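Colleague: I am new to this model and would like a close look at one helix pair, then at what surrounds it. Could you walk me through it slowly?

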Amino acid sequence: MSALPGAVRIREVGPRDGFQNEPEVIPTERKVELIDALARTGVKRLEVTSFVRPDVIPQLADAGEVLERIDVPESVAVSVLVPNERGLDAALEHHAKIDEINGFMSASETHNQKNVDRSVAESLDGLRRTFARARAEGLRCEGVISTAFGCPYEGHVHPGRVLAIAQELAEAGAEEVGFGDTTGMANPLQVRDFFEQAGPALPDVELTAHFHNTRGQGLANVLAALEAGVESFESSFGELGGCPVPAGATGNIATEDLVSMLHEMGVQTGIDLPALLACARAVQYHLGRPLGSHTLVAGPIDWR
Ligand code: ZN
């Protein structure tokens with residue numbers, strides 16, 4: 001087995017990926033409290049909201065207000081998801097509160113068409129314009145590729161196709177490319193093979209793994225990615241979040257499960273696990289239903 005890195009970077013995406021997929025709209029006040037608490041757990045990257053059409057995703061209609069009201073330490077990079085240039089325009093009204101933007105598209109034609117009603121080529125064109133403008137405004141850009149490990153409509157997605165899109169995003173100005181297992185179709189051998197190819201193919205790009213725990217394989221996929229050299233991950237406190245397809249599927253890997261596993265393996269994250277668990281407990285209380293996170297139920301390993 002290859003040596004694991006001594007430390008990794010984690011972007012907490014629950015306030016965006018999680019809150020967006022809750023059936024009810026979480027009050028702005030609660031979001032602000034939770035984001036401010038998350039920002040004090042030691043996490044260095046926080047995706048706080050998304051500038052999407054409020055008629056499509058009413059859960060995040062308060063994106064601007066959330067950004068204006070949060071109080072996040074300087075040491076935490078704040079990112080927002082923007083689907084297109086209109087989203088960027090809205091985000092730029094809160095420029096002072098933002099460090100990074102994340103622009104997304106799908107690797108598979110069918111998923112991209114169903115998700116954003118554009119072809120993959122049209123999405124790439126849009127992201128080229130969006131990233132160019134964001135960089136001119138001094139914002140760091142991450143390109144996120146959904147369905148990078150499998151598509152619920154098309155099945156297998158060829159790694160060469162995903163890497164070609166990643167290279168296009170890098171040329172468009174993305175310093176970081178995230179690879180999303182949007183519907184939890186990835187397995188650890190596939191993940192290891194993929195990132196062993198991605199490293200040499202994208203030498204100057206930060207590679208980020210974004211796994212979903214839809215079929216319980218999220219953390220196994222993390223280990224495979226670590227072994228293939230990945231040092232950047234996205235996850236969601238409480239295991240919040242999901243995807244409308246397949247219906248009822250669970251979401252992102254829980255940040256506290258990820259942090260617990262990494263710390264036990266000697267891989268540092270900078271995150272205080274009890275402080276993070278307090279955030280997950282708080283959101284579970286507000287939502288009024290048990291969340292998928294395992295460490296939230298079991299607590300930290302604490303026998304020493
Ligand atoms: Zn996700």
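Is the crossing in which α10 passes α11 left-handed or right-handed?

Modeller: Happy to. This is a predicted model, in which local features need pLDDT of at least 70, side-chain atom pairs count only at pLDDT 80 or more, and totals for chains, interfaces and linings use all residues. Residues are numbered from 1 along each chain as its sequence is written, and side-chain values use heavy atoms, leaving out hydrogens and water.

To your question: α10 passes α11 with a left-handed crossing (the near helix is turned anticlockwise from the far one by less than a right angle; clockwise would be right-handed). Helix α10 covers residues 255-264 and helix α11 residues 273-287; helices (H or I, at least four residues) and strands (E, at least two) are DSSP runs, numbered from the N terminus. Their axes, which are lines fitted to C-alpha atoms over the stretch in contact, come within 10 Å and cross at roughly 165°, on a scale from 0 to 180 degrees between N-to-C directions. That makes α10 roughly antiparallel to α11, a term for angles over 145 degrees. On the α10 side, T255, E256, V259 and S260 make the contact (heavy atoms within 4.5 Å), while α11 offers L273, L276, L277 and A280.

Now let us step around α10. Helix α10 is largely enclosed by the rest of the structure, because 8 of its 10 residues are buried, meaning under 20% relative accessible area (over 50% is exposed, in between partly exposed; 1.4 Å probe, protein chains only). The buried set is T255, E256, D257, L258, V259, S260, M261 and L262. Besides α11, these residues pack against β1 (9-12), α9 (218-227), β8 (232-235) and α12 (294-298). Just after α10, G266 takes a positive phi of about 80°.

Helix α11 has another partner. Helix α2 (residues 28-38) packs with α11 at about 165°, the axes lying 9 Å apart, so α2 and α11 are roughly antiparallel as well. Their crossing is left-handed too. Here R30, E33, L34, A37 and L38 of α2 meet L276, C279, A282, V283 and H286 of α11. L276 therefore appears in both contact lists, facing α10 residues in one and α2 residues in the other.

Next comes the metal site. The zinc ion is held by D17 (OD), H210 (NE2), H212 (NE2) and N252 (OD1), at 2.0 to 2.1 Å. Donors are N, O and S atoms within 2.8 Å of the metal (3.2 Å for Na, K and Ca), and with water absent a site may look incomplete. Along the sequence the spacing reads D-x192-H-x1-H-x39-N. One pair links distant parts of the chain: D17 in helix α1 (residues 14-18) and H210 in strand β7 (residues 206-210) are 193 residues apart. D17 is buried at 5% relative accessible area, and H210 is buried at 7%.

Strand β7 also holds T208, which is buried at 0%. Beyond residues up to four places away in sequence, T208 touches E142, E176, V177, G178, F179, F195, S232, F233 and E234.

For contrast, R192 in helix α8 (residues 188-201) is partly exposed at 27%. Leaving aside neighbours within four places in sequence, R192 is in contact with A224, E227 and A228. Its C-alpha atom is 37 Å from that of P58, 134 residues apart along the chain.

Conventions:
Angles under 35 degrees count as roughly parallel, over 145 as roughly antiparallel, 65 to 115 as roughly perpendicular and the rest as oblique.
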